[in-house]
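Let's take a walk through a protein model together. Keep the structure open and turn it around as you read.

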Amino acid sequence: MTGPETAPAQGQWAALERTLGVRFKERGLLREALVHRSFLNEQDDPSLGSYDRLEYLGDAFLDWVVAAELYRLYPHYDEGDLTRARASLVRGETLADVARSLGLGAYLLLGQGEEAGGGRDRDRNLAAALEAVIGAVLLDQGEEAGRSLVLQWLQPRIQAMGDSGAERDAKSALQEFLQGQGLPLPVYETVSDTGEPHDRTFAVRVLVDGRAMGQGVGSRRSDAEQAAAREALAALHGSTGSP
């Protein structure tokens with residue numbers, strides 16, 4: 001690191017440890033879990049690493065913990081129910097929400113361009129950092145500590161699944177509906193992409209068999225696609241007379 005201004009002070013790392021409820025034996029692992037690759041481009045220390053490897057480890061461990069907990073709690077879920085529930089719990093938006101609740105964005109080490117572009121509150125960065133923190137805890141504290149942390153963050157959402165499980169998102173529901181009707185898969189097209197890098201608005205339309213069936217707007221492309229899929233489903237159900 002090139003100077004004390006490039007990272008949180010020791011007291012701030014201790015504050016993050018208190019938030020996590022984990023006192024690291026090797027605090028360097030926690031620091032590495034918050035290093036975005038853009039930060040490395042502005043440093044002259046080749047020994048520094050980004051959170052990418054820890055993210056890989058945390059992602060795999062997170063999937064296993066959530067899958068095992070769903071399997072234990074909901075013996076009546078079939079494979080499809082389990083898969084949808086797990087996907088809902090480990091998707092980027094969910095993990096970013098958890099990261100925000102922890103204030104994790106304030107600790108990210110970012111390059112100037114990423115910082116200026118709103119990277120501190122970007123879902124992708126927050127979700128990746130959270131997974132990297134899981135990986136760091138796993139290495140520093142062991143499997144049980146890592147599992148406890150994951151369940152502490154996600155248990156309320158897991159229990160909220162209940163007997164009904166995770167709802168199909170609109171894009172998945174649209175795809176299943178089209179397959180059932182013998183129609184080709186939907187195609188999503190970005191109509192517009194406007195605004196500043198940290199405050200974008202996307203407009204997306206969905207084509208079904210070459211026809212525009214729905215359009216949606218959102219601050220993320222994925223949100224706009226979901227809105228377009230919901231509109232398409234409403235139109236298609238109306239045209240087929242389905243409930």
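Before we start, one word needs pinning down: a residue is called buried when its relative accessible area is under 20%. Try that on Gln155, which sits in helix α9. Its relative accessible area is 17%, so Gln155 counts as buried. We'll come back to this residue in a moment. Keep in mind that what you're looking at is a predicted model.

Now zoom out. The chain has 11 helices and three strands. If you follow the sequence from start to end, the elements come in the order α-α-α-α-α-α-α-α-α-α-β-β-β-α. There are 243 residues in the chain, and 44% of them are buried. What about contacts between residues that are apart in the sequence? Take the contacts with a separation of 6 or more: 56% of these join residues 24 or more positions apart.

Next, let's see how some of the helices sit against each other. Two packed helices are described by two things, the angle between their axes and the distance between the axes. Start with helix α4, residues 52-73, and helix α9, residues 143-161. Their axes are 10 Å apart, and the packing angle is about 60°. Angles from 35 up to 65 degrees fall outside the parallel and perpendicular ranges, so α4 and α9 are oblique to each other. The crossing of these two helices is right-handed. On the α4 side, the contact is made by Phe61, Leu62, Val65, Val66, Glu69, Leu70 and Leu73. On the α9 side, look for Glu143, Gly146, Arg147, Val150, Leu151, Leu154, Gln155 and Ile158. Sort the residues of this contact by class and you get 10 nonpolar, two polar and three charged.

Did you spot Gln155 in that list for α9? Which residues does Gln155 touch, leaving aside its neighbours within four places in sequence? They are Glu69 and Leu73, and both of these belong to the α4 side of the contact. So here we have a residue that is buried, at 17% relative accessible area, and that takes part in the contact of α4 with α9.

Helix α9 has another partner to show you, α6. These two helices pack at an angle of about 130°, with their axes 11 Å apart. That makes α6 oblique to α9. Once again the word for the crossing is right-handed. From α6, the contact uses Thr94, Asp97, Val98 and Leu102, while α9 brings in Trp153, Leu154 and Arg157. By class, that's four nonpolar, one polar and two charged residues. Leu154 is worth a second look: it is listed in the contact with α6 and also in the contact with α4.

Stay with α6, which covers residues 92-102, and look at helix α5, residues 79-90. The axes of α5 and α6 come within 5 Å and cross at roughly 40°, so this pair is oblique as well. Ser88, Leu89 and Val90 of α5 meet Gly92, Thr94 and Leu95 of α6. The residues of this contact split into three nonpolar, three polar and no charged.

Leu95 leads us to a residue in another helix. Glu131 lies in helix α8, residues 123-141. Is Glu131 buried or exposed? Its relative accessibility is 7%, so Glu131 counts as buried. Not counting residues up to four places away in sequence, Glu131 touches Leu54, Glu55, Gly58, Asp59, Leu62 and Leu95. Glu55 is 76 residues away from Glu131 along the chain, yet their C-alpha atoms are separated by 4.9 Å.

Now for the strands. Leu207 is in strand β2, residues 199-208. With a relative accessibility of 13%, Leu207 counts as buried too. Apart from neighbours within four places in sequence, Leu207 is in contact with Pro186, Val187, Glu189 and Ala212. Ala228 is 21 residues away along the chain, and its C-alpha atom is separated from that of Leu207 by 9.5 Å.

Last stop: the aromatic rings. The structure holds three aromatic pairs. In one of them, the rings of Tyr74 and Tyr77 have their centres 4.5 Å apart and their planes at 10°, so the pair is stacked. Both Tyr74 and Tyr77 are buried.

Note on methods:
Residues numbered from 1 in each chain as written. Predicted model: local features only at pLDDT ≥ 70, side-chain atom pairs only at ≥ 80, totals over all residues. Heavy atoms only, no water. Axes fitted to C-alpha atoms, helices over the stretch in contact; angles between N-to-C directions. Helix = DSSP H or I, 4+ residues; strand = E, 2+ residues; numbered from the N terminus. Parallel < 35°, antiparallel > 145°, perpendicular 65-115°, else oblique. Left-handed = near helix turned anticlockwise from the far one by under 90°. Contact = heavy atoms within 4.5 Å. Nonpolar A, V, L, I, M, F, W, Y, C, P; charged D, E, K, R; others polar. Buried < 20%, exposed > 50% of the residue type's maximum accessible area, 1.4 Å probe, protein only. Phe/Tyr/Trp six-rings, centres within 6.5 Å; stacked < 30°, edge-to-face > 60°.
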